[in-house]
Amino acid sequence: VRVRVPEAAALGAWLRQIQVDRAAATRYQHTPLEQVMKWSGLSASERLFDSLLVFENYPCGRSDGDGPGGLRIDGLQGAITSAYPLNVIVLPGARYRLLLHYDAARFSAALGAWLERAWRAALGAIAERADGSLAELQGRLPAPEEMRAGVPGRGMHADESADGDAV
């Protein structure tokens with residue numbers, strides 16, 4: 001989902017509007033990405049997106065057969081496989097868990113750590129004051145200079161490992 005970020009907008013209202021727009025777009029959810037790319041107006045050499053945010057929406061954890069029709073789920077496991085260099089995954093449970101998975105050939109461990117701090121700061125700010133402005137939220141994020149230092153080619157080089165994770 002591509003969105004505009006108006007600094008003066010109230011955070012809660014902006015997030016609600018994104019949800020409304022996203023719900024309206026579900027009629028296109030089975031459209032092939034090739035068609036979405038054509039609609040976007042981007043050239044074939046441009047990427048439609050570089051990151052992926054996945055909010056898992058299935059029952060997990062302990063299941064006592066109390067689901068619909070006595071549904072019971074046991075031994076649920078998964079693995080991260082993605083063609084995208086940056087993935088943020090929200091895992092359900094008694095407390096939500098955020099998993100950041102990135103390609104260490106493209107992003108350094110320092111950038112992964114910066115992203116983790118940024119997510120924590122953003123989610124904390126939203127929880128504390130959903131009626132605040134996006135500009136206020138931006139003021140709570142770690143300094144952008146720290147992020148730029150963790151992008152290969154902009155100061156700090158990526159580690160030699162194949163993949164990176166931060167929780």
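Two strands pair if DSSP finds at least two bridges between them. Keep that in mind for the first exercise, and remember throughout that this is a predicted model.

**Exercise 1. Work out how β2 and β3 are arranged, and whether β2 is buried or exposed.**

Solution.
- Step 1: locate the strands. β2 covers residues 86-91, and β3 covers residues 97-103.
- Step 2: check the pairing. The cut-off is at least two bridges, and β2 and β3 have six, running in the antiparallel sense.
- Step 3: look at what joins them. Five residues sit between β2 and β3, and the two strands form a hairpin.
- Step 4: pick out a facing pair. Ile89 is found opposite Leu99, which belongs to β3.
- Step 5: turn to burial. Of the six residues in β2, five are buried, so the rest of the structure largely encloses this strand.

**Exercise 2. Decide how Trp119 and Ser133 are placed, and classify each by accessibility.**

Solution.
- Step 1: start with Trp119. This residue belongs to helix α3, residues 109-128.
- Step 2: classify Trp119. Buried would need under 20% and exposed over 50%; Trp119 has 27% relative accessibility, so it counts as partly exposed.
- Step 3: find a partner along the chain. Leu141 is 22 residues away from Trp119 in sequence, yet their C-alpha atoms are separated by 8.2 Å.
- Step 4: move to Ser133. You'll find Ser133 in the loop between α3 and α4.
- Step 5: classify Ser133. Its relative accessibility is 18%, so Ser133 counts as buried.
- Step 6: list the neighbours. Leaving aside residues up to four places away in sequence, Ser133 touches Glu7, Ala8, Ala9, Ala10 and Leu11.

**Exercise 3. Go through the salt bridges: how many are there, and which parts does the Glu128 and Arg140 pair tie together?**

Solution.
- Step 1: get the total. With a side-chain nitrogen of Lys or Arg required within 4 Å of a carboxyl oxygen of Asp or Glu, the count is five salt bridges.
- Step 2: take the pair inside a helix. Lys38 and Glu34 form a salt bridge at 3.9 Å, N to O. Both sit in helix α2 (residues 33-40), four residues apart, or about one turn of the helix. Both are exposed, too.
- Step 3: take the pair between helices. Glu128 and Arg140 meet through their side chains at 3.2 Å, N to O. Glu128 is in helix α3 and Arg140 in helix α4, so this pair ties together parts that are 12 residues apart in sequence.
- Step 4: compare their surroundings. Glu128 is exposed, with 60% relative accessible area, whereas Arg140 is partly exposed at 42%.
- Step 5: follow the network. Glu136 and Arg129 make a salt bridge at 2.9 Å, N to O, and a salt-bridge network links Arg129, Asp131 and Glu136. Glu136 is partly exposed, with a relative accessibility of 40%; Arg129 is partly exposed as well, at 42%.

**Exercise 4. Find the average pLDDT of the protein, then say where the pLDDT is below 50.**

Solution.
- Step 1: take the overall picture. The average pLDDT is 75, and 74% of the residues score at least 70.
- Step 2: zoom in on one stretch. Residues 153-167 have a pLDDT below 50.
- Step 3: check its contacts. Beyond near neighbours in sequence, the stretch 153-167 has 44 contacts in the model.

Note on methods. Residues are numbered from 1 along each chain as its sequence is written. This is a predicted model: local features need pLDDT of at least 70, side-chain atom pairs count only at pLDDT 80 or more; totals for chains, interfaces and linings use all residues. Side-chain values use heavy atoms; hydrogens and water are left out. Buried means under 20% relative accessible area, exposed over 50%, partly exposed in between (1.4 Å probe, protein chains only). pLDDT is the predictor's confidence in each residue, from 0 to 100. Contact means heavy atoms within 4.5 Å.
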